[in-house]
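Biologist: Please take me through the sheet in this model. I would like a close look at its strands, what packs on them and what sits around them.

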Amino acid sequence: MRPDLVLPADSACELMKRAMLSKAARAKRQSIIDACRSMNGLGINQGTSGNISLRDGDGFLITPTSMPYDEMKPEDIIEMRFDHSVVGDGRPSSEWRFHLDILRERADVNAVVHAHPIHCTTIAIMERSIPPIHYMVCAAGGDSIRCAPYATFGTQELSDNALAALKGRKACLLAHHGMIAVGDSLRSAMWLAVEVENLAHQYVNCLHFGEPPLLTPEEVENVAKRIANYGVYSAPK
Ligand code: 13P
């Protein structure tokens with residue numbers, strides 16, 4: 001073969017990967033990239049500090065580590081198994097542990113969105129949970145958005161803390177770090193991520209006046225019953 005027709009190993013691998021992805025697989029991976037871009041567009045994340053995963057067969061798809069979203073292509077999305085193995089090459093998000101643990105432990109969850117939204121992170125730096133200041137707190141499945149204790153990013157300790165803070169809930173804060181929102185679809189997880197950042201913004205504003213009054217446990221219970229089928233929860237995936 002003519003030497004100028006021999007592709008370097010890297011690009012040969014890239015071309016093979018591209019050819020192997022089915023239309024459906026490509027669309028699924030593209031939906032993750034679109035959600036990443038929309039996180040930044042919506043102002044709930046900046047740079048490459050967030051990451052997203054989506055259940056896929058008996059494993060999951062996850063964003064690669066530290067890759068700018070506007071450069072990300074479907075082939076760059078990483079496929080992982082629950083035994084911690086990576087299918088093919090590429091480096092998954094440094095937060096693959098909590099993505100994996102949440103998807104493995106929570107059958108109700110198909111998508112995990114992690115970001116560093118400014119107001120959520122402000123509250124998380126103060127090591128506070130978001131109490132029932134507004135009835136929309138109940139959209140995350142309880143009477144507060146818990147704040148998981150601090151642990152170094154990418155560690156099993158952080159994953160354990162996140163999982164505990166998410167018990168019975170669909171969102172949590174991570175102390176001195178950011179926020180996680182989960183959902184039965186990427187659409188619902190993204191929706192909740194925006195709602196939680198909105199609640200955090202409201203809470204930060206309230207704190208300028210002092211400690212805000214809270215909804216009563218009776219009212220929280222009342223809302224919890226009504227909100228279960230609200231909005232994108234009941235929408236087709
Ligand atoms: P990745 O770029 O590895 O996904 O990490 C960003 C981050 O949010 C770490 O918490």
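Modeller: A term comes before the count: helices here are DSSP runs of H or I with at least four residues, strands are E runs of at least two, and both are numbered from the N terminus. On that basis the protein chain has 7 helices and 8 strands. Keep in mind that this is a predicted model.

Now the sheet. It is open, and 8 strands form it in the order 4-3-2-1-5-8-7-6. The pairing is mixed. Strand 4 (86-87) and strand 6 stand at the edges. Each has a single partner strand, so one side of each is left without a neighbour in the sheet.

Helix 2 (residues 23-41) packs on this sheet. It touches strand 1, strand 2 and strand 5 (111-115). The direction of helix 2 makes about 155° with that of strand 1. Helix 3 (residues 96-105) lies across strand 1, strand 2, strand 3, strand 5 and strand 8. Helix 3 runs at about 145° to strand 2.

Next, the pairing in detail. Strands of a sheet pair through backbone hydrogen bonds, either parallel or antiparallel. Strand 1 (residues 51-56) and strand 2 (residues 59-62) are antiparallel, with 4 bridges. Arg55 stands opposite Phe60 in strand 2. Asp56 has Gly59 of strand 2 as its bridge partner. The two strands form a hairpin, with 2 residues between them. Gly57 sits in that turn and has a positive phi of about 60°.

On to the next pair. Strand 2 and strand 3 (residues 78-81) also run antiparallel, again over 4 bridges. Here Ile62 faces Ile78 of strand 3.

Two loops deserve a look. One joins strand 7 (171-174) to strand 8 (178-183), and His176 is found there. Phi of His176 is positive, near 55°, though the residue is not a glycine. His176 counts as partly exposed because it has 15 C-beta neighbours inside 10 Å, where a buried residue needs 20 or more and an exposed one has 12 or fewer. The other loop lies between helix 4 (118-125) and strand 6 (147-148), and holds Glu127. Glu127 has a positive phi of about 55° and is likewise not a glycine. Glu127 has 13 other C-beta atoms within 10 Å, so it too is partly exposed.

Then there is helix 6 (residues 186-207). At 1.5 Å a residue, its 22 residues should span 32 Å. The end C-alpha atoms are 32 Å apart, which agrees. Many positions of helix 6 are listed as buried, among them Leu186, Met190, Leu192, Val196, Leu199 and Tyr203. Glu195 and Glu197 are buried in helix 6 as well. The cover over the buried residues includes strand 1, strand 5, strand 7 and strand 8. Helix 2 and helix 4 also contribute to that cover.

Now the ligand. The residues around it include Thr48, Ser49, Gly50 and Asn51. Asn51 falls within the residues of strand 1. Thr63, Thr65 and Ser66 are also around the ligand, as are Ser93, Ser94 and Glu95. His114 and Phe153 complete the shell. His114 falls within strand 5. By class, the shell has 10 polar, 1 nonpolar and 1 charged residues.

Last, the chain as a whole. Of its 237 residues, 38% are buried. Among contacts with a separation of 6 or more, 64% join residues 24 or more positions apart.

Terms used
Residues numbered from 1 in each chain as written. Predicted model: local features only at pLDDT ≥ 70, side-chain atom pairs only at ≥ 80, totals over all residues. Near = placed C-beta within 6 Å. Nonpolar A, V, L, I, M, F, W, Y, C, P; charged D, E, K, R; others polar. Pairing = 2+ DSSP bridges. Contact = placed C-beta atoms within 7 Å. Axes fitted to C-alpha atoms, helices over the stretch in contact; angles between N-to-C directions. Expected span 1.5 Å × (residues − 1).
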